[in-house]
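Let us read a model together, one feature at a time. The learner asks and the teacher answers.

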Amino acid sequence: MRTNIVLTLTGPDRVGIVEAVTKRLLDHDGNVESSRMARLGGEFAMLMLVSIPSEQLADLDKAVEGLIAQGYKVTTVRTVPGYVETPPGWLPYQIEVEGADHEGIVHEVARYLSARGINIESMETGVTAAPLSGTPLFTMTALVAVPPGLAHQGWQAALDEVGNQLNVEITVSSLK
């Protein structure tokens, strides 16, 4: 029987770290089902959903000890069996945010969504320099699941007001 685990790794960025981690998984018949990886500053972060034979879990924990000895922080957590990605009837949307970077953008958008029971399924943010001025520009892309009762209640228009208060542009697109 296979078990799904969430494996996280953080530590110093170096060439070959993805290969080293995936080799340990492969050596234990593990399969990467889904993953996100990024260099954040000088650190590297991995977040993976891994399917692995149940009898290999203890051996995998031993196999990652070498990474821990190299200064990486590694965790493995079993996922809940039968988890459904998006609850039935909930509607998928993509939210994009763009504007001058400043503190609180992610928090305010997340607070607005949370207060309405909207679930953030994934989010990616970044800051880049504007081409001519060098001003830090913030971007965010989030995939959210909206409860069925909210689908036509004007939550998008109210989110535009949050964007106005933050001085950023927020675009919402239905994915259905």
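The dialogue below moves from the whole chain to single residues.

Q: What kind of model is this, and how many helices and strands does the protein chain have?
A: This is a predicted model. The protein chain contains five helices and eight strands.

Q: Which pattern do these elements follow along the sequence?
A: Read in order, the pattern is β-α-β-β-α-α-β-β-α-β-β-α-β.

Q: How do I read the radius of gyration of the protein chain?
A: Set the value against that of a compact globule. For 176 residues, such a globule would have a radius of gyration near 16 Å. The protein chain has 20 Å. Now look at the box. Taken along the principal axes, the C-alpha atoms fill roughly 50 × 45 × 20 Å.

Q: What do the contacts say about sequence range?
A: Take the contacts with a separation of 6 or more. Of these, 72% join residues 24 or more positions apart.

Q: How much of the protein chain is buried, and how much surface does the chain expose?
A: Buried residues are 30% of the 176. The exposed surface is about 10,600 Å². Carbon and sulfur atoms supply 54% of that area.

Q: How many positive and negative side chains are there, and how far apart are the centres of the two sets?
A: There are 12 positive and 21 negative side chains. The two centres lie 7 Å apart.

Q: Where do nonpolar side chains tend to be in soluble globular proteins?
A: They tend to be buried together. Here, the largest nonpolar core has 20 residues. Those with the most contacts inside this core are Ile95, Val97, Leu113, Val144 and Trp155.

Q: Which elements each supply at least two residues of this core?
A: Two are helices, α4 (105–115) and α5 (155–166). The others are the strands β5 (91–100), β7 (136–146) and β8 (168–174). Strand β7 gives the most, with five residues.

Q: Does the model have a second core, and what would I look for there?
A: Look for a separate set of residues. A second core has 18 residues, including Leu25, Phe44, Met46 and Leu60.

Q: Which residues does valine 144 touch, not counting those up to four places away in sequence?
A: Start with Leu91, Pro92, Tyr93 and Ile95, which are among them. The list also includes Leu113, Ile118, Asn119, Ile120 and Glu121.

Q: What is the usual sign of phi?
A: Most residues other than glycine have a negative phi. Aspartate 29 has a positive value, near 60 degrees. Aspartate 29 sits in the loop between α1 (17–27) and β2 (31–40). Asparagine 167 also has a positive phi near 60 degrees. Its loop runs between α5 and β8.

Q: Why does aspartate 29 count as partly exposed, and why does asparagine 167 count as exposed?
A: Use the relative accessible area. Exposed means over 50%, buried means under 20%, and partly exposed lies in between. Aspartate 29 is partly exposed because its relative accessibility is 47%. Asparagine 167 is exposed because its value is 62%.

Q: Is glutamine 56 buried or exposed?
A: Glutamine 56 is buried, because its relative accessible area is 18%, and buried means under 20%. The residue lies in the loop between β3 (43–53) and α2 (57–63). Leaving out residues up to four places away in sequence, glutamine 56 touches His28 and Asp29.

Q: Where is tryptophan 90, and what is it in contact with?
A: Tryptophan 90 lies in the loop between β4 (73–78) and β5. Its relative accessible area is 25%, so tryptophan 90 is partly exposed. Leaving aside neighbours within four places, its contacts are Gly117, Asn119, Ala145, Val146, Pro147 and Pro148.

Q: How do I compare distance in sequence with distance in space?
A: Take C-alpha pairs. Tryptophan 90 and asparagine 119 are 29 residues apart along the chain and separated by 9.6 Å. Glutamate 103 and leucine 166 are 63 residues apart in sequence and 9.7 Å apart in space. Glutamate 161 and valine 80 are 81 residues apart along the chain, and their C-alpha atoms are separated by 37 Å.

Q: Where are glutamate 103 and glutamate 161 found?
A: Glutamate 103 is in the loop between β5 and α4. This residue is exposed, because its relative accessibility is 73%. Glutamate 161 is in helix α5. With a relative accessible area of 39%, glutamate 161 is partly exposed.

Terms used:
Residues are numbered from 1 along each chain as its sequence is written. This is a predicted model: local features need pLDDT of at least 70, side-chain atom pairs count only at pLDDT 80 or more; totals for chains, interfaces and linings use all residues. Side-chain values use heavy atoms; hydrogens and water are left out. Helices (H or I, at least four residues) and strands (E, at least two) are DSSP runs, numbered from the N terminus. The radius of gyration is taken over C-alpha atoms; the globule rule is 2.2 Å times the number of residues to the power 0.38. Buried means under 20% relative accessible area, exposed over 50%, partly exposed in between (1.4 Å probe, protein chains only). Contact means heavy atoms within 4.5 Å. Accessible areas come from the Shrake-Rupley method with a 1.4 Å probe; for residues, only the protein chains shown count as cover. Lys and Arg count as positive and Asp and Glu as negative; His and the chain ends are not counted. The place of a charge is taken as NZ of Lys, CZ of Arg, CG of Asp or CD of Glu. A nonpolar core is a set of buried Ala, Val, Leu, Ile, Met, Phe, Trp, Tyr and Cys residues joined through side-chain atoms within 4.5 Å.
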